[in-house]
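Welcome, and thanks for having the viewer ready. Please load the model, switch on residue labels and follow along one selection at a time.

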Amino acid sequence: MEIKSAVFIKGVIGSEGLPQPPRPVAAFFGRSNVGKSSVINTLTRQKDLAHANKRAGRTTEINYFLVNDAWYLVDLPGYGYANVPGPLRKKMAGYISWFAADMSIDVRAAVLIVDAEIGAKDSDREIFKLLTEYGRPVIILANKCDKGRRLDIEKNIAVIVKEFAPAKVIRHSAKTGEGRGELLTALFEEKEKTA
Ligand code: GDP
């Protein structure tokens with residue numbers, strides 16, 4: 001499987017705005033600055049796909065991209081950002097919870113991106129719990145594996161594997177492309193398993 005096309009469809013803030021027709025979804029969750037936009041850009045091999053929409057003021061929306069005219073890649077708002085004012089943070093958390101819980105959205109893979117250099121945070125654990133509670137198939141993407149000391153990365157990944165078991169953990173670097181193929185394969189395995 002390769003990604004041949006990926007185009008931005010729309011920013012969504014509620015079920016009434018979901019793009020039609022409904023299609024299988026691969027959804028991407030992660031703290032602000034974990035590299036979510038970079039991961040999406042590396043995956044789709046488009047240099048600026050996710051960042052461009054972020055700059056257009058869509059940081060709080062749920063951004064839908066159509067991939068290969070067949071499935072939606074969904075970019076959820078980044079969470080855990082200390083500088084975001086309380087009410088906005090609450091609103092973004094609300095969107096994430098709604099998305100995880102709305103069973104009319106056919107999430108075949110929920111990719112939770114964590115930072116391999118600094119390890120998982122409580123906010124990551126909360127999102128994991130939420131996704132698990134709603135039975136979403138979670139893949140953990142340990143991003144920024146190229147950064148910092150090798151030994152620290154290994155230690156953090158060992159903890160991540162244990163903490164998020166039995167979820168699959170993929171080592172990834174949006175910078176070097178490490179793990180991109182594995183992520184693509186995992187996305188499609190998950191999609192087929194639940195098809
Ligand atoms: P987002 O807020 O989660 O969308 O994060 P961005 O994609 O904007 O990335 C935040 C910062 O981390 C940027 O400076 C990126 O260049 C950097 N970054 C993202 N992924 C990686 C990675 O895998 N390795 C390294 N070294 N830096 C990364």
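**First stop: a helix end and its neighbours**

Start by selecting A101, which belongs to helix α3. Keep in mind as you look around that this is a predicted model. Is A101 buried or exposed? Neither label fits: its relative accessibility is 25%, and because buried means under 20% and exposed over 50%, A101 counts as partly exposed. Now add Y134 and R136 to the selection; A101 touches both of them, with residues up to four places away in sequence not counted. If you draw a distance between the C-alpha atoms of A101 and R136, you should read 9.0 Å, although 35 residues separate the two along the chain.

**Second stop: the nonpolar cores**

Next, show V25, F29, Y64, V74, F99, L112 and I140 as sticks. These residues touch the most other members of the largest nonpolar core, which has 37 residues. Colour by secondary structure and you can trace where this core comes from: β2 (25–30), β3 (62–67), β4 (71–75), α3 (86–101), β5 (107–115), α4 (122–133), β6 (138–143) and α5 (150–163) each supply at least two of its residues.

Centre the view on F29. Which residues surround F29, leaving aside neighbours within four places in sequence? Its contacts are K36, L76, Y79, I96, F99, A110, V111, L112, I113, I127 and L131. Apart from this core lies another, made up of 26 residues, among them I3, V39, L49 and L73.

**Third stop: helix α1**

Select α1, residues 36–44. Eight of its nine residues are buried, so the helix is largely enclosed by the rest of the structure. The buried ones to highlight are K36, S37, V39, I40, N41, T42, L43 and T44. Step one residue further to R45, which follows α1 and has a positive phi, near 55°.

**Fourth stop: the ligand**

Now show the ligand and the 17 residues around it; K36, S37, S38, K54 and D146 come nearest. Which helix provides the largest share of this shell? The answer is α1, with three residues. Both α1 and α2 (49–55) supply at least two residues each. Colour the shell by residue class and you will find two nonpolar, eight polar and seven charged residues.

Three distances from ligand oxygen atoms are worth drawing:

- to a polar backbone atom of N33, 2.8 Å;
- to a polar backbone atom of G35, 2.9 Å;
- to an N or O atom in the side chain of S37, 2.7 Å.

Turn on a surface for the protein as well: it covers 74% of the 580 Å² of accessible area that the ligand has on its own.

**Fifth stop: H172 in its loop**

Move to H172, in the loop between β7 (168–171) and α6 (180–193). Although it sits in a loop, H172 is buried, with a relative accessible area of 1%. Its side chain makes a polar contact with the side chain of N143, at 3.0 Å. Beyond four places in sequence, the contacts of H172 are V39, L141, A142, N143, K144, C145, E178, G179 and R180.

**Last stop: N156**

Finish in helix α5 by selecting N156. Its relative accessibility is 18%, so N156 counts as buried. Show A116, E117, I118 and G119 too: these are the residues in contact with N156 once neighbours within four places in sequence are set aside.

Note on methods
Residues numbered from 1 in each chain as written. Predicted model: local features only at pLDDT ≥ 70, side-chain atom pairs only at ≥ 80, totals over all residues. Heavy atoms only, no water. Near = heavy atom within 4 Å. Polar contact = N/O pair within 3.5 Å; in protein donor to acceptor, adjacent residues only side chain to side chain. Areas by Shrake-Rupley, 256 points an atom, 1.4 Å probe, with all protein chains shown as cover. Helix = DSSP H or I, 4+ residues; strand = E, 2+ residues; numbered from the N terminus. Nonpolar A, V, L, I, M, F, W, Y, C, P; charged D, E, K, R; others polar. Core = buried A, V, L, I, M, F, W, Y, C linked by side-chain atoms within 4.5 Å. Buried < 20%, exposed > 50% of the residue type's maximum accessible area, 1.4 Å probe, protein only. Contact = heavy atoms within 4.5 Å.
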